[in-house]
Amino acid sequence: MKLLKQLIATFLILFAFSCNNSDDSINNSSPTLSIKLVDDPGDYEHVYVEVIDVKVKYDSEDFDEDDDVNGWQSVGVISPGVYDLLELTGGVSLQLVDNEEIEEGTIKQIRLILGDDNTVVLEGETEPRPLNTPSAQQSGLKIMVNQEIINGFNYDFILDFDVDESIVMAGNSGNINLKPVLRASLEINSGSIFGSVSPNDIPVEVEATNGIITASTFTDASGNFEIHGLPSGIYTVTITPDDDAMLNPVVIDNVEVTVGQTTNLDTIVLE
C-alpha cells in the first residue's frame with residue numbers, strides 16, 4: 001500500500017509538471033500575424049493591382065508616423081503577383097499573410113506595398129488602362145492599427161480595399177491615378193454579414209452602414225455576398241441591383257452585427 005501511494009504521488013507530480021510546462025509553452029510561443037485582403041467595390045470591369053509586400057511598424061521611443069523609411073519590418077506575402085480586386089466578392093478574400101511569426105509589442109501601422117503593374121478596365125471597355133501611382137504613394141499606404149501584440153496569440157487582420165475611393169480620374173489629362181484607400185480591422189474584434197440574392201444572374205451591390213462606417217461588396221456568380229470586418233452595432237443594409245435588371249432596391253434596417261459572429265440575412269428576393 002505504501003508503494004502504491006508513492007507511485008500515485010509521483011504520477012501526480014509528473015502530471016502537474018506536464019500541465020505547467022504545456023501552459024508555459026503556449027504562453028511563450030511567438031505571436032503570429034495573418035492578413036487577408038477584401039474588396040469594397042467600384043464601377044469598373046476589372047481593377048488589377050500588383051501586391052509585392054506587407055510591412056509593419058512597431059511603437060518605439062523614436063516612433064514617427066510620418067517616417068516612410070525607418071522602423072518598417074517586412075513580413076512578406078504568400079504569393080506576390082497581380083490580382084483583380086473585383087474578384088474579391090461574395091465572401092472571397094485574398095490571403096496575403098498566414099500565421100507569420102512576429103514580435104511582441106504594439107504594432108502602430110501596417111503598410112501594403114504595391115508594384116508598378118496596376119491597371120483598370122473601365123465599364124464598357126475591354127483594354128486595360130494604366131493606373132498611375134503618385135510618388136507620395138509609391139512606398140505603400142500606411143494604415144493605423146495601434147494593436148498590442150502578445151505571445152501565444154494569432155492576430156487576423158482584414159484589409160478592405162476601397163476601389164471606388166482609390167481610383168481618381170485626373171481631370172482632362174486622361175490619366176487615371178491610384179491612391180489606395182484601405183480600412184483595417186482585427187477579425188476577432190469584428191463581425192460580418194452574409195446572405196444571398198435572388199435572382200442570382202444579375203450584378204448586385206450590397207452596402208452596410210452604421211452611420212460612421214460604410215462597407216460594400218458585390219454578389220458572386222451564385223448570388224452570395226459577405227461583408228467582413230464590421231465593428232459590432234446596428235446596420236442598415238441596402239441591396240441595389242444593376243439598373244438594366246429593372247428591379248427595385250431592398251433596404252433592411254436594424255441588422256445587428258456581433259463581434260466574432262456572422263449575421264445571416266438568408267435569401268433576399270428582388271422584385
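Begin by selecting strand β10, residues 154-162, together with β13: the two run antiparallel and are joined by five bridges. The model on display is a predicted one. Within this pair, highlight L159, whose bridge partner in β13 is A184.

**The mixed sheet**

Next, extend the selection to the whole sheet. It is an open sheet of four strands with mixed pairing, in the order β5-β1-β10-β13. Colour β5 (94-101) and β13 (182-186) separately; these strands stand at the edges with a single partner strand each, so one side of each has no neighbour in the sheet. From one strand to the next, the twist averages 20°.

**The antiparallel sheet**

Move now to a second set of strands. Select β16, β15, β18 and β19, which in that order form an open sheet of four strands with antiparallel pairing. At its edges are β16 and β19 (250-257), each of which pairs on one side only. The twist in this sheet averages 20° from one strand to the next. To inspect one pairing in detail, isolate β18 and β19, an antiparallel pair joined by six bridges. T238 is a convenient residue to label here, with V251 as its bridge partner in β19.

**The largest pocket**

With β15 and β18 still displayed, turn to the open spaces. The largest pocket has a volume of about 480 Å³. Its lining comprises 21 residues; select E123, P203, V204, F218 and D242 to find those that lie nearest the centre. Three elements give two or more residues to this lining: β2 (44-58), β15 (204-209) and β18 (233-241). Colouring the lining of the largest pocket by class gives eight nonpolar, five polar and eight charged residues.

**The second largest pocket**

The second largest pocket holds about 150 Å³ of space. Show D40, P41, D164, E205 and S216, the closest to the centre among the 13 residues that line this pocket. The elements that give two or more residues to its lining are α2 (163-166), β15 and β16 (214-218). Of these, β16 supplies the largest share of the lining, with four residues. By class, the lining of the second largest pocket divides into three nonpolar, three polar and seven charged residues.

**The enclosed cavity**

Which space should be examined after the pockets? A search of the whole structure for cavities of 30 Å³ or more finds one. The volume of the largest cavity is about 70 Å³. Select V38, D39, T217, E226 and H228, which lie closest to its centre out of 13 lining residues. Two or more residues of the lining come from each of β1 (32-40), β16 and β17 (224-230), and β17 gives the largest share, three residues. The lining of the largest cavity has four nonpolar, five polar and four charged residues.

**Ring contacts**

Finally, display the side chains of R111 and W72. The charged end of R111 sits over the ring of W72, at 4.0 Å from the centre of that ring. How many aromatic pairs are there, if ring centres must lie within 6.5 Å? The count comes to zero aromatic pairs by this rule.

Note on methods: Residues numbered from 1 in each chain as written. Predicted model: local features only at pLDDT ≥ 70, side-chain atom pairs only at ≥ 80, totals over all residues. Heavy atoms only, no water. Phe/Tyr/Trp six-rings, centres within 6.5 Å; stacked < 30°, edge-to-face > 60°. Lys NZ or Arg CZ within 6 Å of the ring centre and 35° of its normal. 1 Å grid on protein atoms, 1.4 Å probe; cavity = no way out; pocket = protein on both sides within 12 Å on 5 of 7 lines; lining within 4 Å. Points joined across faces, edges and corners; volume = space filled by probe spheres on them. Nonpolar A, V, L, I, M, F, W, Y, C, P; charged D, E, K, R; others polar. Pairing = 2+ DSSP bridges. Axes fitted to C-alpha atoms, helices over the stretch in contact; angles between N-to-C directions.
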